[in-house]
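Please open the structure in your viewer and keep the selection tool at hand. The tour proceeds one selection at a time.

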Amino acid sequence: MYFLIPASAAVIVLVLTTIVRTRRKLKDKGLPPGPKPLPLMGNLYQVDPAHPWITFAEWKRYGDPVYCQMFGRDVVVVNSERVAQDLFEKRSRNYSDRMSMPNMLEPYGLAFDTAALNHDTVWRGHRRVFQQTLRPETIVAYEATQFRCAANLLKDMRITPESWWKHIRKYSAAVIMGAMYDHELPMKPEEDITFRTMVEGADLIFIIASAGMIALLTALPFLRYVPAWCPGGRWLNAENSLRRMNALINTPFNTLKKRIASGEAGPCMMSEAFAKFEDMSKLEDAERIIKDACGTAYIGEYIPTGSTLIVFTLAMILYPVVQKRAQEEIESVVGVDRLHEFSDKPLLPYTEALVRETLRWRPVVPLAISHAATSDDIYEGYSIPEVGAAVIPNIWAMTRDPEKYPRPDTFDPGRFLDANGHLTKDTCEISFGFGRRICPGRHFARASVWIAIAQILASFTIEKAKDASGNPITPAPEWATGITSQVF
Ligand code: HEM
């Protein structure tokens, strides 16, 4: 038994030495301030796994940016818009890469995703596709699809209002499938193979790309071989994921190709992209790039747009006065005899302010997608490490800046209006990220969210559900984490 005493002492000495060495190393490097990491674990144990953005925002007390360590990686968190502009906009050449995740991208079939690509020529090809198809001038072509899908959303809500969550998810899928692939969903979308394939793929990405899963698969890469039939294997098994990702990209593409050949296909983003890129010399690469970019756009619209509309629903339940004011504005401009159209938008400033406030109040991509630097950098005297470091814009913290947004937890569209009731210049663009990596689908997303919100407000009043005794139930939403934050 006595041998345990010197052994324990040796372990304690070893741990203490490592702590001292780690701290000295960090100090020597001149890294930004931050909470003290533990050896091996780093700062992981201090982070709220369900709401990491809240922990990161609290670390603002150390300074901005903040340095910490997670999963053996250097992590730099940016909590203010000022620093985000300095790094991601003014120094965008250096801060537009993504973290390397060799254990995940290829094996799990995620390498197609624009958001995962490094700042290289393939990524530039993707951005060219988006630039051609998702510019403010070009997205006007998809307004008819957005209008039709919003009208279908109202129909669904009228028939089964209790399934509103499901209808919103269907709407966000229908809009992008219509605009991207000219694919119209049937009344029962679950009977549509393309819909099922895409929803299953997007839901899987949501889980695999969550911080917890990345940590697990980085630490224990052999988990990718867990058979799909084992508990958790559906998500861990790499082959299963690869198959689903291939289906997500290829199923709508092959269907559209057949319809183009038979002359049945109407105009859509993908055929537009092919028309624009016809002259590209490496056609095989061009086809791959267009397919992959369109597959990414599906994920981009389906999850965050749906989540934004769910946030809107929650806000309307909690803030009936806001809802009433928007409905009064809509009724006074559009009346009650017709659904409104995109051309009514300039006459509805409060409704637009409500959309901006929805994006701000609960940003659905609260930590954006981690950027990475291509070379070491010095910022305000601190060194920002290059190799493997994640540089995370904490959008959640920025939308909570009390100087810019007083009483940030209150849902108040009025903060986007001036004293004369005109919209201010602040469009809450930060909810779409920064610099060269800013969300290329933001104009399309805003239009999808706006038309749905305006039509819902014109047609329904959203209220609290009632319990068996007829008492209103105040919702206590939980937030699911992944790439996006979703209410459920
Ligand atoms: C309300 C809806 C949406 C929100 C809040 C949102 C937000 C974001 C954010 C925060 C990023 C990360 C930006 C960064 O790294 O700094 C992003 C990236 C991206 N989004 Fe969106 N997005 C939305 C809808 C869409 C739509 C509709 C599309 C496509 C049609 C789309 C396509 C993309 C793509 C491709 C990227 C990766 C860009 C890159 O890495 O270069 N998003 N989005």
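Select D192 and T194 at the start of α7: in this predicted model, a side-chain oxygen of D192 comes within 2.9 Å of the backbone nitrogen of T194.

Next, extend the selection to the whole of helix α7, residues 193-208. Its 16 residues, at 1.5 Å a residue, should span 22 Å, and the end C-alpha atoms are indeed 22 Å apart, so the two values agree. Colour the buried residues of α7, among them T194, F195, T197 and M198 towards the beginning of the list, and L204, I205, F206 and I208 at its end.

Now select residues 204-226, which an unreviewed UniProt entry records as a "transmembrane region", together with residues 6-22. Over residues 204-226 the chain is 61% helix and 0% strand, and the end C-alpha atoms of this stretch are 16 Å apart.

Move to the ligand and display the 30 residues around it. Those that come nearest are W123, R127, H371, R437 and C439.

Three side chains merit individual inspection. A polar side-chain atom of R98 is 2.8 Å from a ligand oxygen atom. For W123, an N or O atom of the side chain lies 2.8 Å from an oxygen atom of the ligand. R127 likewise places a polar side-chain atom 2.8 Å from an oxygen atom of the ligand. The elements that contribute two or more residues to the shell around the ligand are α4 (121-133) and α12 (283-318).

Which element gives the most to this shell? Select α12, which supplies 7 residues. Finally, colour the shell by class: 17 residues are nonpolar, 9 polar and 4 charged.

Definitions and conventions. Residues numbered from 1 in each chain as written. Predicted model: local features only at pLDDT ≥ 70, side-chain atom pairs only at ≥ 80, totals over all residues. Heavy atoms only, no water. Near = heavy atom within 4 Å. Polar contact = N/O pair within 3.5 Å; in protein donor to acceptor, adjacent residues only side chain to side chain. Helix = DSSP H or I, 4+ residues; strand = E, 2+ residues; numbered from the N terminus. Nonpolar A, V, L, I, M, F, W, Y, C, P; charged D, E, K, R; others polar. UniProt positions renumbered as here; feature names shortened; annotations may be inferred. Expected span 1.5 Å × (residues − 1). Buried < 20%, exposed > 50% of the residue type's maximum accessible area, 1.4 Å probe, protein only.
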